[in-house]
Amino acid sequence: MVMAYFTIYDWWLERRAHFVRYPEFGIDIPVNYAIHGIDVSKHQSIIDWNSVKEMNVNNVRISFVFIKATEGVDDEDPEFGRNWKKAKSAGLIRGAYHFFLATKSGKEQAENFINSAKLEPGDMPPVLDVEQTYGVPLNVLRDRVKEWLATVQGYYGITPIIYTNVEFYKQVLKDEFDAYPLWVAHYLQKERPRIYRDWIFWQHDEGGRVNGIVTKVDFNVFGGDSLSFRKLLIN
């Protein structure tokens, strides 16, 4: 009786926090969000995308993936081409992101991304991953970020998404970028990220496990329903 009580109590606490432990994924999953995804780069090595797509644990499955495309002004992730093609073939919604170097020209970095990321209808909008200053003055960093965003939006005709963590957004980007959709990383709070503005994606854990990937992987959720997710995609 006592053991049963503590088991039920632990389950109630998890549900109250809206996170439930999924041993198959190796992490707690926020079950009050319906659309789950991951993000990958060369650090995940060769991925079996069909296994990723087929994994389904109590109706929690991977529906989307953000894939690193480029970094700086001349670097393309060595696994991008393969991941970009295979993820779509497996039936996953895909998005491409650029890792931003504040020491480099925003326009040249945007051109590097554009040369690599051939976005198509059904893909997610382009993403700028900006999370370090590299000692660059903040006003210069913001100007370069704006240059990247404007160049990419002008080319694809769609508003890019900004990816960063809560503290970097609050301390560096602040109000100047509130008009852009936000994909925010925050691992320290259950239920939702601790940030003052709206967000559309939340990276809630960096240590998940997925069939078909040999390393740990970042887990994300989409903040809306399936209809709003479809509206987000390139048409």
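**View 1. The start of helix H6 in this predicted model.** Let's begin where H6 starts: a side-chain oxygen of Asn165 comes to within 3.2 Å of the backbone nitrogen of Glu167. The model shown here is predicted. Helix H6 itself covers residues 166–173.

**View 2. The buried residues of helix H6 and their cover.** Which residues of H6 are buried? They are Val166, Phe168, Tyr169, Val172 and Leu173. Now look at what lies over them: the cover includes helix H5 (138–156). Two strands are also among the covering elements, namely E9 (161–165) and E10 (182–185).

**View 3. The residue that follows helix H6.** Move along the chain past H6 and you meet Lys174. The phi angle of Lys174 is positive, near 55°.

**View 4. The whole protein chain, to put the close-ups in place.** Stepping back, you can find seven helices and twelve strands in the protein chain. The radius of gyration of the chain is 18 Å, close to the 18 Å that the globule rule gives for 235 residues, so the chain is as compact as a globular protein of that length. Its C-alpha trace spans about 65 × 40 × 30 Å along the principal axes. How much of the chain counts as buried? The share is 48% of the 235 residues. Take the contacts between residues at least 6 apart in sequence: 64% of these join residues at least 24 apart.

**View 5. The surface and charges of the protein chain.** The accessible surface comes to about 11,500 Å², and carbon and sulfur atoms account for 50% of it. The chain has 28 positive and 31 negative charges, and the mean positions of these two sets are 2 Å apart.

Definitions and conventions. Residues numbered from 1 in each chain as written. Predicted model: local features only at pLDDT ≥ 70, side-chain atom pairs only at ≥ 80, totals over all residues. Heavy atoms only, no water. Buried < 20%, exposed > 50% of the residue type's maximum accessible area, 1.4 Å probe, protein only. Helix = DSSP H or I, 4+ residues; strand = E, 2+ residues; numbered from the N terminus. Contact = heavy atoms within 4.5 Å. Polar contact = N/O pair within 3.5 Å; in protein donor to acceptor, adjacent residues only side chain to side chain. Rg over C-alpha atoms; globule rule 2.2 N^0.38 Å. Areas by Shrake-Rupley, 256 points an atom, 1.4 Å probe, with all protein chains shown as cover. Lys, Arg positive; Asp, Glu negative; His and termini not counted. Charge placed at Lys NZ, Arg CZ, Asp CG, Glu CD.
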